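Trainee: Could you take me through one part of this model slowly, and then show me how it fits with the rest? I would like to follow the reasoning step by step.

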Amino acid sequence: MTPSDAPPAPTLWQAFRFWLKLGCISFGGPAGQIAIMHQELVERRRWISERRFLHALNYCMLLPGPEAQQLATYIGWLLHRTRGGIIAGALFVLPSLLLLVLLSWVYMAFGQQPLVAGLFYGIKPAVTAIVLQAAHRIGTRALRNGWLWAIAGAAFVAIFALQLPFPLIVAGAALAGFAGGRFLPQAFKTGGHGAAKASYGAAVIDDATPPPPHARFRWSRLALVCGCGALLWLAPMALLVLTAGWQHTYTQMAWFFTKAALLTFGGAYAVLPYVYQGAVVNFGWLTPPQMMDGLALGETTPGPLIMVVAFVGFVGGWGQAPFGAAQLPLAGAVAAVLVTWFTFLPSFVFILAGGPLVEATRDDISYTAPLTGITAAVVGVILNLALFFAWHVIWPAGLAGSPDWAAALIAVGAAVALLRYGQKVPRVIAVCAGGGLLLKLLVPAL
């Protein structure tokens, strides 16, 4: 292959149209989203080679935050500088944000209607099965030996029995991973995404293509990106504190979801327990059943699953009513936009600041033992979340009340469909929603 075999470099407008399309069709969670990008960018359009794609993905896997959105930002930045990265990352999120704001409004305004209530009656048990599938999927990949199983078990006990905060569990797992990397390096060696095994022809950004000028590391550029990121965080935060006060719902949401953005090692399922502890237990922005409904909406819309934070923000803003009872939709929409900003801003800074460093160390990227420990702990934390959801679905009135056998049957059926037959999540949710609606119509007392 020679450079002349490569397709022409895409224009910014061509890239804009692709990133917009991706934001509208990116169903299936991070695995599905990364698969779509690989098919479109590596195999079909050949904008980037297989090795360069995986090199970028390896870096994104090491970061807190949604790896698929960060990968889109990285490739957009590599192709069209900072503006390309911002366009790619923003368009990956915006369609999902707009759709979730609309669905959240329908949920809050009409959620008690028989039709909507019936649909969510079937969706909630499906969510329990989906979270259980996530624990199984991550566990089969991450728990490769007894040491990692021990970390997962300790994390489960820490959050289930001891009710320790999620950040403390992450810190403890990272410490265990660090120690394991020093004394048991083979046990804590991370797998991840390996070297490329296929070639699809010469690419615009090929294996031997040198980093473009904007992708070369400079201390001045690093300082500029970090400074701009800090300003973009500090300006709205300062405005919230000065106009509303530190204890205002919006200010607390901004601070809480900033911390959440820095703790999402292992993907959205890993941070959900932290969001639950803060949004449901500590602040009371929404109830446990509402949290489950939000996760269901996140599973059935395009974009990263962590966009469930937009639903949390909308419901919290609606419930707190900062603009008065007549402006509940506005209060929810403002909160949804606010938490999305503070959740995703760190991801852009990580990519735009760290990208040149990654390009400078291409073919020499390493995986950290602390990340291996964190990933193992994530399995135990997610299992706790699945049990929490199952308890609220099957025993909605508590253990003193009667179990909801219909909901339990739906949950078991969804788990079998996902784990045994490998059915897609949207299809399982759709079938369960239809089954819940049918049960509610036939047995209104459910």
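Mentor: Let's begin with helix α9, residues 249–261, keeping in mind that this is a predicted model. With 13 residues at 1.5 Å a residue, α9 should span 18 Å, and its end C-alpha atoms are indeed 18 Å apart, so the two values agree.

Now look at what surrounds the helix. α9 is mostly covered, with 11 of its 13 residues buried. Among them are Tyr-250, Met-253, Phe-256 and Phe-257. Follow Phe-257 inward: Phe-257 is listed with Val-131, Leu-286 and Phe-389 as having the most contacts inside the largest nonpolar core, a set of 100 residues. Helix α14 (residues 369–394) gives the most to this core, with 14 residues. A second, separate core has 37 residues, including Trp-47 and Tyr-74. As a background thought, nonpolar side chains tend to be buried together in soluble globular proteins.

Back in the largest core, try selecting Leu-286. Setting aside residues up to four places away in sequence, Leu-286 touches Ala-279, Val-280, Met-291, Phe-311, Val-312 and Val-315.

Tyr-74, from the second core, also leads us to Ile-351. Ile-351 lies in helix α13 (residues 328–360), and it counts as buried because its relative accessibility is 0%. Leaving out neighbours within four places in sequence, its contacts include Tyr-59, Cys-60, Leu-63 and Tyr-74. Ile-351 and Cys-60 are 291 residues apart in sequence, yet their C-alpha atoms are 8.1 Å apart in space.

For contrast, visit the surface. Leu-99, Leu-102, Trp-105, Val-106 and Phe-110 form a nonpolar patch there, with about 390 Å² of accessible area together. Leu-99 belongs to helix α4 (residues 67–110), and at 33% relative accessibility it counts as partly exposed.

Finally, let's turn to charged side chains. The structure holds 3 salt bridges. In one of them, Lys-21 pairs with Glu-40, their closest N and O atoms being 3.9 Å apart. Lys-21 sits in helix α1 (residues 12–25) and Glu-40 in helix α2 (residues 29–44), so this pair ties together parts that are 19 residues apart in sequence. Glu-40 is buried, at 11% relative accessible area. Glu-40 also meets Arg-44 at 2.9 Å, N to O; those two are about one helical turn from each other, because they are 4 residues apart in α2. Arg-45 meets Glu-40 as well, at 3.0 Å. Through shared partners, Lys-21, Glu-40, Arg-44 and Arg-45 join into one network.

Note on methods:
Residues are numbered from 1 along each chain as its sequence is written. This is a predicted model: local features need pLDDT of at least 70, side-chain atom pairs count only at pLDDT 80 or more; totals for chains, interfaces and linings use all residues. Side-chain values use heavy atoms; hydrogens and water are left out. The expected span of a helix is 1.5 Å times one less than its number of residues. Buried means under 20% relative accessible area, exposed over 50%, partly exposed in between (1.4 Å probe, protein chains only). A nonpolar core is a set of buried Ala, Val, Leu, Ile, Met, Phe, Trp, Tyr and Cys residues joined through side-chain atoms within 4.5 Å. Contact means heavy atoms within 4.5 Å. Patches are made of residues with over 30% relative accessible area and no salt bridge: like charges are joined within 9 Å, nonpolar side chains (Val, Leu, Ile, Met, Phe, Trp, Tyr) within 5 Å. Accessible areas come from the Shrake-Rupley method with a 1.4 Å probe; for residues, only the protein chains shown count as cover. A salt bridge is a side-chain nitrogen of Lys or Arg within 4 Å of a carboxyl oxygen of Asp or Glu.
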